[in-house]
Amino acid sequence: MHILFAGGGTAGHINPALAIAGVIKQKHPDAKISYIGTAKKLEAKLVPAAGYDFYTIDVAGFQRKLTPKNVVRNISAVAKAVTASVKSKKLLKKLKPDVVIGTGGYVSGPVLKQAQKLGIKTAIHEQNAFPGITTKMLAAGADCVMLAFPEAEKHLKLNKKPVITGNPVRKELLDVEKNEARKKLGIGDKPLILSFGGSLGARPINEAVTELIKWHNPSGNFYHIHATGKTGYDTMCENLSDITLNDKISIKEYIYDMDVCMAAADLVIGRAGAITLSEISACGKAAILIPSPYVSENHQYHNAMTLKNVGAAEVIEEKYLTGDKLIDTVKTLCNDKLTLKTMAENAKKNAITDANERIYVQVMELYKNSK
């Protein structure tokens, strides 16, 4: 059995592919796993590190805003699209995969398109509530379309019913119990706020959380763990240097034990990436979501609204985010324990915790039909 993945650009496209590949390898140790990505993006590091064969094509996305610079970029993108299609076809003929799975990003486009033309079984896994351009272009020709959010279906033209699988969630996040996690962190009964803006950091979130910490620091009424991201640690520490933080507050650049911190938390504040929301739901946490406005199709806003609509989260768009707005929202939620509990329960009800198994079943069905 040979399964080939195509996807990349961001961790949100790569990690689901690696999670699916891991399940296949666990169940079928002799299975061959290959991956096609780009040489300059994150997949070039993550995929070889996971031990899978990695091949590259050169492809770029098209710029929608027509400026002189973007016109030049689009001309280059057209040329790359042609050469990427040619190379994808050659790689597919050489590798002869049984199934090709696309997990999004521009790189998956030419690979899946050529696989469809060659009659190879193809599957798409869409992580977001608002599908990306590549998914929209290729969904109708795919043998199987897997969606993390049911809401995504209305944005697609499909020839067959999609399968709702959810997003793969790391096993360790499902295995940690709240009281056990709080013991590991050495914290007591007061509410724990967990906040973060992504591995690189998000300046607006760091600034608003700085004001939130200054508000609750004197009372000592909250435990608070905040990850600034790579670019924000020094600035945030400097902005808090005029106060003495109590011992319930922890400022980190990155959270390495996210499974423990998420399990222990009473309220999560963060972006609305698809995998983050799946983890929040799987752990059953109330959330304040601040969607990134800088992503394609504004898909984080659509992701966030899936939890908002089931009563599991409050959403603050970044253009409306201030320290005072965040403080008021935290104050309202944490002063109403019943609401916080209900939000957590609603998040858990919305969770799909067997996504890996659902996806595996679909891949195996395609593999059987490829013979």
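1. A residue is called buried when its relative accessible area is under 20%, exposed when that area is over 50%, and partly exposed in between. The model discussed here is predicted. By the rule just given, Glu207 is partly exposed, because its relative accessible area is 40%.

2. Glu207 also takes part in a salt bridge with Arg203, in which the closest N and O atoms are 3.2 Å apart. Both residues belong to helix 8, which spans residues 203–216, and they stand four residues apart, so about one helical turn separates them. Arg203 counts as exposed, since its relative accessibility is 58%.

3. A similar description applies to helix 7, residues 178–185. Glu180 and Lys184 form a salt bridge there, with 3.7 Å between the closest N and O atoms. Because these two residues are four apart in helix 7, they are separated by about one helical turn. Glu180 is partly exposed at 36% relative accessibility, whereas Lys184 is exposed, with a relative accessible area of 53%.

4. Which parts of the chain does the pair Lys214 and Asp242 link? Lys214 forms a salt bridge with Asp242, the closest N and O atoms lying 3.9 Å apart. This pair links distant parts of the chain: Lys214 is in helix 8, while Asp242 is in the loop between helix 9 (233–239) and strand 10 (249–252), 28 residues apart. Lys214 is partly exposed, with a relative accessible area of 29%, and Asp242 counts as exposed at 58% relative accessibility.

5. Salt bridges that share partners also join Lys178, Arg182 and Asp266 into one network. The count for the structure comes to 14 salt bridges. As background, side chains of opposite charge can pair when their charged atoms come close.

6. A positive surface patch is formed by Lys89, Lys93, Lys113 and Lys117. The elements that give two or more residues to this patch are helix 3 (68–95) and helix 4 (108–117). Lys89 lies in helix 3 and counts as partly exposed, because its relative accessibility is 35%.

7. How many disulfides does the structure hold? The structure holds zero disulfides. Cys237 is in no disulfide, and the nearest cysteine sulfur, that of Cys261, is 17 Å away. A disulfide requires the two sulfur atoms to be within 2.5 Å, so a separation of 17 Å does not qualify. Cys283 is likewise in no disulfide; its nearest cysteine sulfur, that of Cys261, is 11 Å away. Cys237 is partly exposed at 32% relative accessibility, whereas Cys283 is buried, with a relative accessible area of 14%.

Methods. Residues numbered from 1 in each chain as written. Predicted model: local features only at pLDDT ≥ 70, side-chain atom pairs only at ≥ 80, totals over all residues. Heavy atoms only, no water. Patch = residues over 30% accessible without salt bridge, like charges linked within 9 Å, V, L, I, M, F, W, Y side chains within 5 Å. Areas by Shrake-Rupley, 256 points an atom, 1.4 Å probe, with all protein chains shown as cover. Salt bridge = Lys/Arg side-chain N within 4 Å of Asp/Glu carboxyl O. Lys, Arg positive; Asp, Glu negative; His and termini not counted. Charge placed at Lys NZ, Arg CZ, Asp CG, Glu CD. Buried < 20%, exposed > 50% of the residue type's maximum accessible area, 1.4 Å probe, protein only.
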